[in-house]
2 protein chains.
Amino acid sequence: MKVSSKGEYALRALLLLGTHQGKVLGIQEISDKTLVTVHYLEQLLLQLKKLGYVTSKRGAKGGYMLQREAEEINIGAVIRDLEGPLSPMACASITQYEPCPLEEGCQLKPLWSLVRDTIAFVLERTTLDDLLQNRITKLEGGDFIVGKRTS
Amino acid sequence: MKVSSKGEYALRALLLLGTHQGKVLGIQEISDKTLVTVHYLEQLLLQLKKLGYVTSKRGAKGGYMLQREAEEINIGAVIRDLEGPLSPMACASITQYEPCPLEEGCQLKPLWSLVRDTIAFVLERTTLDDLLQNRITKLEGGDFIVGKRTS
DNA sequence: AAGTAATCCTATCAAAATAATTGGATTTAA
DNA sequence: TTAAATCCAATTATTTTGATAGGATTACTT
């Protein structure tokens, strides 16, 4: 159930750009602060650019900045764009469903669907701005997670 | 955020054994019903045996059966035993935490922790028996997933 | 007691996904 | 004009995962 370092690195870069909105950050500076190699960042940022998350400025004093507002950058979408479906199994994916020969009567699919839904719920309700503002609420003893709404 | 086919295959085998409790199932039969190759199943079942989930009977008419009651087999534990931590990132893992150089002040870790907690919550509250009884409740429009308890 | 059918078990190989590297082309500020 | 930076395609390396091979051991059956 891993998020690859690709996703982690991309989010680190987006967070850094988010904390310096309006400024152009060079790739070297991003590398220093995220601990990701310059070349690997290059690939990542290029991809993030094609996906519409960042813009770049070429040439001397060039670099990268966020293309959208931090509130408009959905973490679930970022991870999905970079790593594929959030679902733990393709049979339970909404965005890239693939059939499975055992599917009918499968006793696992409901579980995978539930896992997909909970992961998607958590990630899709979170924006880059939420992360920047430390607006993620840790689960604590009294929290509930899954169940029927009571009111 | 994938579950590997290793975990899927292992759960398929456990489910099949669970539907025939008390009976010894040959590896060929398990292969036929789970669509996993005999040799790969051999490896998996050997591992499941070492982990205490199944027992085997050698020789002619040999095969496998569950070692524990289906209610005592926790799906979260199975996946963890076979694939490692449920956490999407090592920095948020409870069972196999690993430090990260960016950890203090990291704005991502709270998110990874939340994801870990929700995945663990869903998987650890589910037993093999729950799957066998189709006792997994799909999320529907009116369901809630994460939040503070209101009463 | 022999034969056969099955698990056991180690070792190795293959494939896929992920991460990192290389090398140059292009653009822009100074 | 030069230097600093992004752009971009291609390649290589690493890791994880999945599959295969081959023989040793066990136990049922005749």
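**Exercise 1. Polar contacts with DNA strand C**

Task: In this predicted model, find which backbone atom lies 3.3 Å from a base oxygen of DNA strand C, and then set out the polar contacts made by A:Arg58 and B:Lys49.

Solution: Begin with the backbone, where a polar atom of A:Ala60 lies 3.3 Å from a base oxygen of DNA strand C. Next, turn to the side chains: a polar side-chain atom of A:Arg58 is placed 3.0 Å from a base oxygen of the strand, whereas the polar side-chain atom of B:Lys49 lies 2.9 Å from a phosphate oxygen. Each of these pairs counts as a polar contact, because the cut-off for two N or O atoms is 3.5 Å.

**Exercise 2. The surface near DNA strand C**

Task: Describe which elements and which classes of residue make up the surface near DNA strand C.

Solution: First list the elements that give two or more residues, which are H1 and helix H3 (38-50) in chain A, together with helix H3 (38-50), strand S1 (54-57) and strand S2 (63-66) in chain B. The largest share, four residues, is that of H3(B). Then sort the residues by class, which gives seven nonpolar, 12 polar and eight charged residues. Of the 27 residues around the strand, the ones that come nearest are A:Ser5, A:Gln43, B:Ile27, B:Ser56 and B:Tyr64. Finally, look at the strand itself: of its atoms within 4 Å of the protein, 60% belong to sugar or phosphate, and the rest belong to bases.

**Exercise 3. Helix H1 of chain A**

Task: Compare the span of helix H1 (residues 5-19) of chain A with the expected value, and decide whether the helix is largely enclosed or not enclosed.

Solution: The helix has 15 residues and reaches 21 Å from its first C-alpha to its last, which is close to the 21 Å expected at 1.5 Å a residue. Now count the buried positions: 11 of the 15 residues are buried, and therefore H1(A) is largely enclosed by the rest of the structure. Among them are A:Glu8, A:Arg12 and A:Leu15.

**Exercise 4. The surroundings of B:Ser87**

Task: Locate B:Ser87, state whether B:Ser87 is buried or exposed, and name its contacts.

Solution: Start with the chain, in which B:Ser87 sits in the loop between helix H4 (75-83) and helix H5 (109-124) of chain B. Its relative accessible area is 1%, so B:Ser87 is buried. The side chain of B:Ser87 reaches the backbone oxygen of B:Met89 at 2.6 Å. Leaving aside neighbours within four places in sequence, B:Ser87 is in contact with A:Met1 and A:Lys2 as well as with B:Ala92, B:Ser93 and B:Arg116.

Key. Residues are numbered from 1 along each chain as its sequence is written. Chains are lettered from A and ligands numbered from 1 in the order in which they are written. This is a predicted model: local features need pLDDT of at least 70, side-chain atom pairs count only at pLDDT 80 or more; totals for chains, interfaces and linings use all residues. Side-chain values use heavy atoms; hydrogens and water are left out. The expected span of a helix is 1.5 Å times one less than its number of residues. Buried means under 20% relative accessible area, exposed over 50%, partly exposed in between (1.4 Å probe, protein chains only). A residue is near a molecule or strand if one of its heavy atoms lies within 4 Å of it. A polar contact is a pair of N or O atoms within 3.5 Å; within protein, one must be able to donate a hydrogen and the other to accept it, and residues adjacent in sequence count only if both atoms are side-chain atoms. Ala, Val, Leu, Ile, Met, Phe, Trp, Tyr, Cys and Pro count as nonpolar, Asp, Glu, Lys and Arg as charged, and the others, Gly among them, as polar. Contact means heavy atoms within 4.5 Å.
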